[in-house]
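Hi everyone, thanks for making time for this. I'd like to walk you through a structure that may be new to you, so please have a look at the screen.

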Amino acid sequence: MIDGIKGSLICFDDKDGTIHLVIFRKADIEGKLPRISNPEIKQSGDWARASWEKDDYVFTMMSLRDKSKFEGFF
C-alpha cells in the first residue's frame with residue numbers, strides 16, 4: 001500500500017545506482033499520463049522521475065541520478 005493505494009514496488013540496481021519502479025492500476029490513479037513511447041521525465045533535486053501509462057497500468061520510475069540518464073531507457 002502506497003498512500004492507501006495498492007501497488008507494486010520493484011527495485012533494481014544498475015551501474016548508476018538503485019532504480020525504483022512503482023506500478024499502479026490506472027483505475028486507482030487520477031489524471032492521465034503519456035504513453036511509454038513519450039514518458040514524462042522530470043528532475044526534483046537529486047531525484048529523477050519518469051512516468052507513463054500502458055494498457056491498464058501506470059508506472060513511475062525514480063532514482064538518484066540526472067534525468068538525462070532515464071532517456072536511454074525509452
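Let me start with a term I'll need in a moment. A nonpolar core here is a set of buried Ala, Val, Leu, Ile, Met, Phe, Trp, Tyr and Cys residues joined through side-chain atoms within 4.5 Å. Buried, in turn, means under 20% relative accessible area. And please keep in mind that what you see is a predicted model.

So which residues make up the largest nonpolar core? There are 10 residues in all: Ile19, Leu21, Ile23, Ile41, Ala48, Ala50, Trp52, Phe59, Met61 and Phe70. Strand 2, strand 4 and strand 5, which covers 57–64, are the elements that give two or more residues to this core.

Let's pick out a few of its members. Trp52 has a relative accessibility of 7%, so Trp52 counts as buried. Phe59 comes out at 16%, and because the cut-off for buried is under 20%, Phe59 counts as buried too. These residues also meet through their rings. The count of aromatic pairs comes to one. That pair is Trp52 with Phe59, and it is stacked, with 5.4 Å centre to centre and 10° between the planes.

Leu21 is another core residue to look at. Setting aside residues up to four places away in sequence, Leu21 touches Trp52 and Phe59, and also Ser8, Leu9, Ile10, Thr60 and Met61.

Now, the sheet. In what order do the five strands run? The order is 1-2-5-4-3, in an open sheet with antiparallel pairing. At the edges are strand 1, residues 7–14, and strand 3, each pairing on one side only. From one strand to the next, the twist averages 20°. As a reminder, strands of a sheet pair through backbone hydrogen bonds, either parallel or antiparallel.

Let's zoom in on one of these pairings. Strand 3 and strand 4 are joined over five bridges in the antiparallel sense. Here Ile41 stands opposite Ala50 of strand 4, and both of these residues belong to the core we just saw.

Staying in strand 4, let's move along to Glu53. Is Glu53 buried or exposed? With a relative accessible area of 3%, Glu53 is buried. What does its side chain meet there? One partner is Lys26, joined to Glu53 by a side-chain polar contact of 3.2 Å. Another is the backbone nitrogen of Leu33, which lies 3.3 Å from a polar atom of the Glu53 side chain. Beyond its neighbours within four places in sequence, Glu53 is in contact with several residues, including Lys32, Pro34, Arg35, Ile36 and Val58.

And Lys26 itself? Lys26 sits in the loop between strand 2 (17–25) and strand 3 (40–44). With a relative accessible area of 27%, Lys26 is partly exposed. Outside its neighbours within four places in sequence, the contacts of Lys26 include Asp55, Asp56, Tyr57 and Val58.

Last stop: Lys54, in strand 4, which spans residues 47–54. Lys54 is partly exposed, at a relative accessible area of 38%. Its C-alpha is 8.7 Å from that of Lys26, with their positions 28 residues apart in sequence. By contrast, the C-alpha atoms of Lys26 and Gly72, 46 residues apart along the chain, are separated by 25 Å. Leaving aside neighbours within four places in sequence, Lys54 is in contact with Arg35 and Phe59. That brings us back to Phe59, part of the stacked pair with Trp52.

Thanks for listening!

Definitions and conventions: Residues numbered from 1 in each chain as written. Predicted model: local features only at pLDDT ≥ 70, side-chain atom pairs only at ≥ 80, totals over all residues. Heavy atoms only, no water. Phe/Tyr/Trp six-rings, centres within 6.5 Å; stacked < 30°, edge-to-face > 60°. Buried < 20%, exposed > 50% of the residue type's maximum accessible area, 1.4 Å probe, protein only. Helix = DSSP H or I, 4+ residues; strand = E, 2+ residues; numbered from the N terminus. Contact = heavy atoms within 4.5 Å. Polar contact = N/O pair within 3.5 Å; in protein donor to acceptor, adjacent residues only side chain to side chain. Pairing = 2+ DSSP bridges. Axes fitted to C-alpha atoms, helices over the stretch in contact; angles between N-to-C directions.
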